[in-house]
Amino acid sequence: MGDQIKYLLDESRIPKHWYNIQADLPKPMPPVLHPGTMKPVGPDDLAPLFPMALIMQEVTTEREIEIPEPVRDIYRVWRPAPLFRARRLEQVLGTPARIFYKYEGVSPAGSHKPNTAVAQAFYNKVAGVTRLTTETGAGQWGSSLAFAGALFGIDVTVFQVRVSYDQKPYRRALMESYGARCIPSPSTETEYGRAVLAKRPDHPGSLGIAISEAVEIAAQREDTKYALGSVLNHVLLHQTVVGIEAMEQMQMADAYPDVIVGCTGGGSNFAGIAFPFIGAGLRGGAKPRIVAVEPAACPSLTRGKYAYDFGDTAHMTPLTKMHTLGSTFTPPGFHAGGLRYHGMAPLVSHLKELDLIEAVAYHQTECFAAGIQFARAEGILPAPEANHAVKGAIEEALRCKREGRSETILFNLCGHGHFDMQAYMDYTAGKLTDQQYDEQELAMALSGLPSVPEPA
Ligand SMILES: Cc1ncc(COP(=O)(O)O)c(C=O)c1O
């Protein structure tokens, strides 16, 4: 089977545990702080927003967290996801590198997001929650929570970032088909949304604003909790099924990655593929290079400051230490809506500070070009977010060609782009431009970072 392309696992191989990298960190994470007291938050501070089981997953340092059977049962709809060897892309690039990709676009929503949506809906259901609010940037996360809500009988309300709502009407139709309510953000439904619109009626929205709206509603209602599609430790934890499966599939291919590449919005699909491998390295195994790829128009890891900041724009969330562009920063309206977030997952940021990962940034047109090159060789049309990972993997393969090295590259193809055809049409018509963020706005947003006293 020298020329095998697909590496498939049986349903029985769906992981039984999520992997918690907090167990293997050489240095613990900085605490999450209460913005009023500047003291570490306790579980009760988060209880209005999340069920206790998820709050405990935020802080546990246990290495393996058992995946509940009802969650595994639903995972069977699309998991284990396939691992592919991109032989045709290798040929087109003329690289001696071996390129593998894990394909998460086989899920009902078309990306990795249901891996955590199903888990979050399950824990909320067990806690008796009947309504969930959330934000969505690409529409992938909103669709995923809508799908999970339908399975568990939970009402879902999604605040979709305005620019994405306008660009992707079919994402909204998918959410509504699953029974969710989808509202463009900023909206007139919340106090914060109304305040933003009063200042700028044509505001394109941002993930930070949509999070504020969803949190505002959840905080006000006893029967409603909030679900976040990325950033938090428990979300990254749930995504590790991606890397755990990929490890077994790489073994089937008799290969181990030298380089792992993922795109980063809030950090969850990147963590999903990378953390199990990073953990194995921290426990004495091989240490692949780990490359995070982010948009040059919203470059939190490569241009942001590592500092305490709010997760949302209205400052309703606790303070976490992360790479941030400042919570009031509004990224330009480029097409990878899932990457338009001012911050980065605290866990991913912490690993960056520990030099356990690298980060690079690319502009959207070069990422679309990479996505099209990939589609013409491999057939799958990636989501605009995933194009960043494709670009990163191609750059690594071209480096291998220049250096004459036959390294093994693994990347996460975290979603398909079938709801993103307007972006592809704009790209093909030459209408897509590389958007620059406003340096002055960035400086202002960074100057507004909360001042947090250094620990004694
Ligand atoms: C397909 C896809 N990839 C990536 C992302 C970015 O999120 P994360 O960095 O949490 O994986 C999103 C977010 O909406 C997405 O829809």
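1. The secondary structure of this protein comprises 19 helices and 15 strands, and a newcomer should keep in mind that the model is a predicted one. The radius of gyration is 20 Å, close to the 23 Å that the globule rule gives for 456 residues, so the protein is as compact as a globular protein of that length.

2. Taken along the principal axes, the box filled by the C-alpha atoms comes to roughly 60 × 50 × 50 Å. Of the 456 residues, 57% count as buried, and among the contacts with a separation of 6 or more, 77% are accounted for by residues 24 or more positions apart.

3. Lys-113 deserves attention, since UniProt, in an unreviewed entry, lists this residue under "modified residue: N6-(pyridoxal phosphate)lysine". In the model, Lys-113 is placed in the loop between strand S5 (98-103) and helix H5 (114-126).

4. Is Lys-113 buried or exposed? Lys-113 counts as buried because 32 C-beta neighbours lie inside 10 Å, where 20 or more are needed for that label. Leaving aside residues up to four places away in sequence, Lys-113 touches Gln-140, Trp-141, Ser-144 and Gly-229.

5. The ligand is surrounded by 21 residues, the closest being Gln-140, Ser-230, Gly-265, Gly-338 and Gly-415; Gln-140 is also one of the residues that Lys-113 touches. By character, the shell around the ligand divides into 8 nonpolar, 12 polar and 1 charged residues.

6. Helix H6 (140-152), helix H13 (268-282) and helix H17 (384-403) each supply at least two residues of the shell around the ligand, and the largest share, 3 residues, comes from H13.

Methods:
Residues numbered from 1 in each chain as written. Predicted model: local features only at pLDDT ≥ 70, side-chain atom pairs only at ≥ 80, totals over all residues. UniProt positions renumbered as here; feature names shortened; annotations may be inferred. Helix = DSSP H or I, 4+ residues; strand = E, 2+ residues; numbered from the N terminus. Buried ≥ 20, exposed ≤ 12 C-beta atoms within 10 Å, placed from the backbone. Contact = placed C-beta atoms within 7 Å. Rg over C-alpha atoms; globule rule 2.2 N^0.38 Å. Near = placed C-beta within 6 Å. Nonpolar A, V, L, I, M, F, W, Y, C, P; charged D, E, K, R; others polar.
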